[in-house]
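Let's take a walk through this one together. Have the structure open and turn it as we go.

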Amino acid sequence: MLQRLLVLFLALGLAACTGLPLNAVAPKVSVAEVDVKSLGLFEQHFDVGLRVSNPNDFALNIEALDFELEVNGRPFAQGLSRVPTLIAATSSTVLRVDAIMQSKNLIQQIKTLPPESLKQGVPYRIKGRVKTDRSSRWLPFDHAGVVGGDEKSPKGRAI
């Protein structure tokens, strides 16, 4: 019985060493840009630039990343990258990822996107997971923002 407990603690200790260090923070992911690669009858292909930020005081090697992008509360595109990318401590980089959009999602976007929302900016949400060399498991991410819109300064008096 004592041997089994010893083996269990040893295995748990080794498993703990394979994860992120104590007080480590998962990388943050946001959309930097989206470019159209090709338009087809059933699918559209995009080149999505994802800003991946490493808030930690040590470098991270991103081994894989997959995501779902929503625009205006509706599915937009999905992507997956397995290109190893090193992100230095407390810095960020833009990771280029191929993404695919189904035509039915494009049709829904066109039908539901009111023209006045383009002036205010279009809300987006990106959620997914990232695999680093510092963890044996995938780390989730979820980020929401607004893209576009008129960036005119508000009129009126300063108080």
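**A tour of the fold**

You're looking at a chain with three helices and eight strands, and bear in mind that this is a predicted model. Starting from the N terminus, the elements run α-β-β-β-β-β-β-α-α-β-β. Of the contacts with a separation of 6 or more, 64% are between residues 24 or more positions apart. Buried residues make up 29% of the 159 in the chain. As for the outside, about 10700 Å² is exposed, with 58% of that supplied by carbon and sulfur atoms.

Now zoom in on helix 2, residues 103-112. Which of its residues are buried? They are Ser103, Asn105 and Gln109. Look down the helix axis and these buried residues fall within an arc of 160°, so they line one face of helix 2. Swing round to the other side and you'll find Lys104 and Lys111 exposed. And what covers the buried residues? The cover includes strand 2, strand 3 (60-71), strand 4 and strand 6 (91-102).

Two of those strands are worth another stop. Searching the whole structure for aromatic pairs turns up one: Phe46 with Phe76, a tilted arrangement at 5.3 Å centre to centre and 40° between the planes. The pair ties together distant parts of the chain, since Phe46 belongs to strand 2 (residues 43-54) and Phe76 to strand 4 (residues 74-81), 30 residues apart. Both Phe46 and Phe76 are buried.

One last ring to visit: Trp138 has Arg129 lying over its face, at 3.9 Å from the ring centre.

How values were computed. Residues are numbered from 1 along each chain as its sequence is written. This is a predicted model: local features need pLDDT of at least 70, side-chain atom pairs count only at pLDDT 80 or more; totals for chains, interfaces and linings use all residues. Side-chain values use heavy atoms; hydrogens and water are left out. Rings of Phe, Tyr and Trp (its six-membered ring) pair if their centres lie within 6.5 Å; planes under 30 degrees apart count as stacked, over 60 as edge-to-face and the rest as tilted. Helices (H or I, at least four residues) and strands (E, at least two) are DSSP runs, numbered from the N terminus. Buried means under 20% relative accessible area, exposed over 50%, partly exposed in between (1.4 Å probe, protein chains only). A charge sits over a ring if NZ of Lys or CZ of Arg is within 6 Å of the ring centre and within 35 degrees of the ring normal. The arc is that of the directions from the helix axis to the C-beta atoms. Contact means heavy atoms within 4.5 Å. Accessible areas come from the Shrake-Rupley method with a 1.4 Å probe; for residues, only the protein chains shown count as cover.
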